Amino acid sequence: AGTALLGTALDVMDASSIAVEPPSWLAPLNGAWVEISGYFAPTTKLEETNELLVTMNKWDGCCIGLPPTVFDSLALRLEKPISLQGQHLIRFGTVRGEFHIEPFATGGVFLGLYRIDHGRVTTEGAG
């Protein structure tokens, strides 16, 4: 139910504009501690990282699965780095942390809406 609620922002926000205002019904989640499950991967190939992309669908960054949108993915900043050595590229897991709704853009392109800070991976498995 939680990921479906986050996806409702698509109904009222224009992803082609960087001047966006998140829907008011998401406001109570801003700053809340949440637990969410999804597919996650580092933004680049590293041996360890403290940042992951969490998506609703499997995606390998190239050829497998559906690319995430700003409405069905989030940036995860981990409290402590995790090792990625010997792990599958696509992993499914559950993360917990402080949820933020904060539209961000670079070069005039709307890149994201959701972020989790102080994150911890609580369960993990191969996708």
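## Buried, exposed or in between

A residue is called buried when its relative accessible area is under 20%, exposed when it is over 50%, and partly exposed in between. Take glutamate 35: its relative accessibility is 46%, so it counts as partly exposed. Keep in mind that what you're looking at is a predicted model.

## A bridge between strands 1 and 4

How many salt bridges does the structure hold? There are 5. One of them brings glutamate 35 together with arginine 96, with N and O sitting 2.2 Å apart. Glutamate 35 belongs to strand 1 (residues 33–42) and arginine 96 to strand 4 (residues 91–106), so this pair ties together parts of the chain that are 61 residues apart in sequence.

We've already met glutamate 35 as a partly exposed residue. Its partner, arginine 96, is partly exposed too, with a relative accessible area of 37%.

## A network of four residues

Now look at strand 5. Which residue forms a salt bridge with aspartate 117? That's arginine 77, and the closest N and O atoms of the two are 3.4 Å apart. Arginine 77 is in strand 3 (residues 73–83) while aspartate 117 is in strand 5 (residues 109–126), so here the linked parts are 40 residues apart in sequence. Is aspartate 117 buried or exposed? At 11% relative accessibility, aspartate 117 counts as buried, whereas arginine 77 is partly exposed at 41%.

Strand 5 also holds arginine 115, which pairs with glutamate 102 in strand 4, 13 residues away. The side chains of glutamate 102 and arginine 115 meet in a salt bridge with an N to O distance of 2.9 Å. Arginine 115 is buried, at 10% relative accessibility, and glutamate 102 is partly exposed, at 39%. Put these pieces together and you get one network: Arg77, Glu102, Arg115 and Asp117 are joined by salt bridges that share partners.

## Rings that meet edge-to-face

Charged side chains aren't the whole story. Searching the whole structure turns up 2 aromatic pairs. In one of these, tyrosine 39 and phenylalanine 92 have ring centres 5.0 Å apart. Why does this pair count as edge-to-face? The planes of the two rings are at 70°, and planes over 60 degrees apart count as edge-to-face.

Where do the two rings sit along the chain? Tyrosine 39 is in strand 1 and phenylalanine 92 is in strand 4, so the pair ties together parts that are 53 residues apart in sequence. As for accessibility, phenylalanine 92 comes out at 37%, so it counts as partly exposed.

Conventions. Residues numbered from 1 in each chain as written. Predicted model: local features only at pLDDT ≥ 70, side-chain atom pairs only at ≥ 80, totals over all residues. Heavy atoms only, no water. Salt bridge = Lys/Arg side-chain N within 4 Å of Asp/Glu carboxyl O. Helix = DSSP H or I, 4+ residues; strand = E, 2+ residues; numbered from the N terminus. Buried < 20%, exposed > 50% of the residue type's maximum accessible area, 1.4 Å probe, protein only. Phe/Tyr/Trp six-rings, centres within 6.5 Å; stacked < 30°, edge-to-face > 60°.
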